[in-house]
Amino acid sequence: MRTLAAFVFPGFQTLDYFGPIEMLGDVGDEIEIITVAKSKEPVSSYHGQKIVVDKLISEKNDYDLLFIPGGDSALIESNDAELMEWIRQSSENAERVMAVCTGTVLLGMTGVLDGRKATTNKLDFIETVPLAPNVDWVKEARWVEDGKFFTSSGVSAGMDMALAVVADLFGMDTAEQTAKTSEYVWHKDATRDPFAKSAGLV
């Protein structure tokens, strides 16, 4: 069984988190999902749902998998030096690292994506990517895989990315069955990104 650190912060985007967790959690006993935060208090999403915390960042940083959602408040978290160091260390220790939307920018601000390809939410792309200038930002991509790092565009794109990780770790048949079980139409083409065009990026 692989351990998955699913980091949450106040105001995390609801589908950024729960969409990929639905996909990753559907592989049964292969992944143990552990909700991680800076404090033990329940953490509210952008839409107000509260989630119970399993572990603090101060307790552990050696998970097999790391997942970081986005949200408008994600970039505020970059001001926390302890958190940024936890993300760096957890990324170094993890077998796979996943981030969605502005969570990718937060990940990039730690330096672990320097020299690597990554993508993020297209609506905020121009305003946010300068915060991590050493990342090779991809303007047109549903998600991007570079080594052990998987990053996605905004909100629903995280589900496509998570299924790509399931396929990477457990095989395409498992990923396709996971999508089918959720009655989800998986966009398997990582370059299929109509939102880059509508945002004027390409």
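**Note on the predicted fold and its aromatic and loop features**

1. Phe18 is partly exposed, its relative accessible area being 36%. Here buried means under 20% relative accessible area and exposed over 50%, with partly exposed in between (1.4 Å probe, protein chains only). The model is a predicted one, in which local features need pLDDT of at least 70, side-chain atom pairs count only at pLDDT 80 or more, and totals for chains, interfaces and linings use all residues. Residues are numbered from 1 along each chain as its sequence is written, and side-chain values use heavy atoms, with hydrogens and water left out.

2. Which aromatic partners does Phe18 have? Two rings pair when the centres of Phe, Tyr or Trp (its six-membered ring) lie within 6.5 Å; planes under 30 degrees apart are stacked, over 60 edge-to-face, and the rest tilted. Seven aromatic pairs are counted by this rule. One of them joins Phe12 and Phe18 in a tilted arrangement, 6.2 Å centre to centre and with 55° between the planes. Another joins Tyr17 and Phe18 edge-to-face, at 4.9 Å centre to centre and with 85° between the planes.

3. The partners of Phe18 are less accessible by the numbers given for each: Phe12 counts as buried because its relative accessibility is 0%, and Tyr17 counts as buried at 2%. Ring pairs link Phe12, Tyr17, Phe18 and Phe67 into a cluster. A separate feature involves a charge and a ring: the charged end of Lys60 sits over the ring of Tyr63, 5.0 Å from its centre. That description requires NZ of Lys or CZ of Arg to be within 6 Å of the ring centre and within 35 degrees of the ring normal.

4. On the overall architecture, the protein chain has seven helices and eleven strands. These are DSSP runs numbered from the N terminus, helices being H or I of at least four residues and strands E of at least two. The C-alpha trace of the protein chain spans about 40 × 40 × 30 Å along its principal axes. The radius of gyration of the protein chain is 15 Å, which agrees with the value near 17 Å for a compact globule of 202 residues; it is taken over C-alpha atoms, and the globule rule is 2.2 Å times the number of residues to the power 0.38.

5. Burial and contact order complete that picture. Of the 202 residues in the protein chain, 54% are buried. Contacts (heavy atoms within 4.5 Å) between residues at least 6 apart in sequence join residues at least 24 apart in 67% of cases. The protein chain exposes about 8800 Å², of which carbon and sulfur atoms supply 49%; the areas come from the Shrake-Rupley method with a 1.4 Å probe, and for residues only the protein chains shown count as cover.

6. Helix H6 (residues 172-181) has Ala175, Thr178 and Ala179 as its buried residues. Seen down the axis of H6, these fall within an arc of 95°, so they line one face of the helix; the arc is that of the directions from the helix axis to the C-beta atoms. An α-helix has 3.6 residues a turn, so residues three or four places apart point the same way. Cover for the buried residues of H6 includes helix H1 (14-25) and helix H5 (157-170). The face turned away from the buried side carries the exposed residues Asp173, Lys180 and Thr181.

7. Two backbone values deserve inspection. Most residues other than glycine have a negative phi. Glu183, which follows H6, has a positive phi near 50°. Glu183 lies in the loop between H6 and helix H7 (194-198) and is exposed, with a relative accessible area of 77%. Val155, also not a glycine, has a positive phi near 50°. The place of Val155 is in the loop between strand E11 (149-152) and H5, and Val155 is partly exposed at 26%.

8. Two loop residues both touch Phe12. Gly70, in the loop between strand E6 (65-68) and helix H2 (81-93), is buried with a relative accessible area of 0%. Beyond residues up to four places away in sequence, the contacts of Gly70 include Phe9, Phe12, Asp16 and Cys101. Tyr46 is in the loop between strand E3 (43-44) and strand E4 (50-51); with the same sequence exclusion, Tyr46 touches Gly11, Phe12, Gln13, Thr14 and Asp72. The C-alpha atoms of Tyr46 and Ser73 are separated by 8.7 Å, with the two residues 27 apart along the chain.
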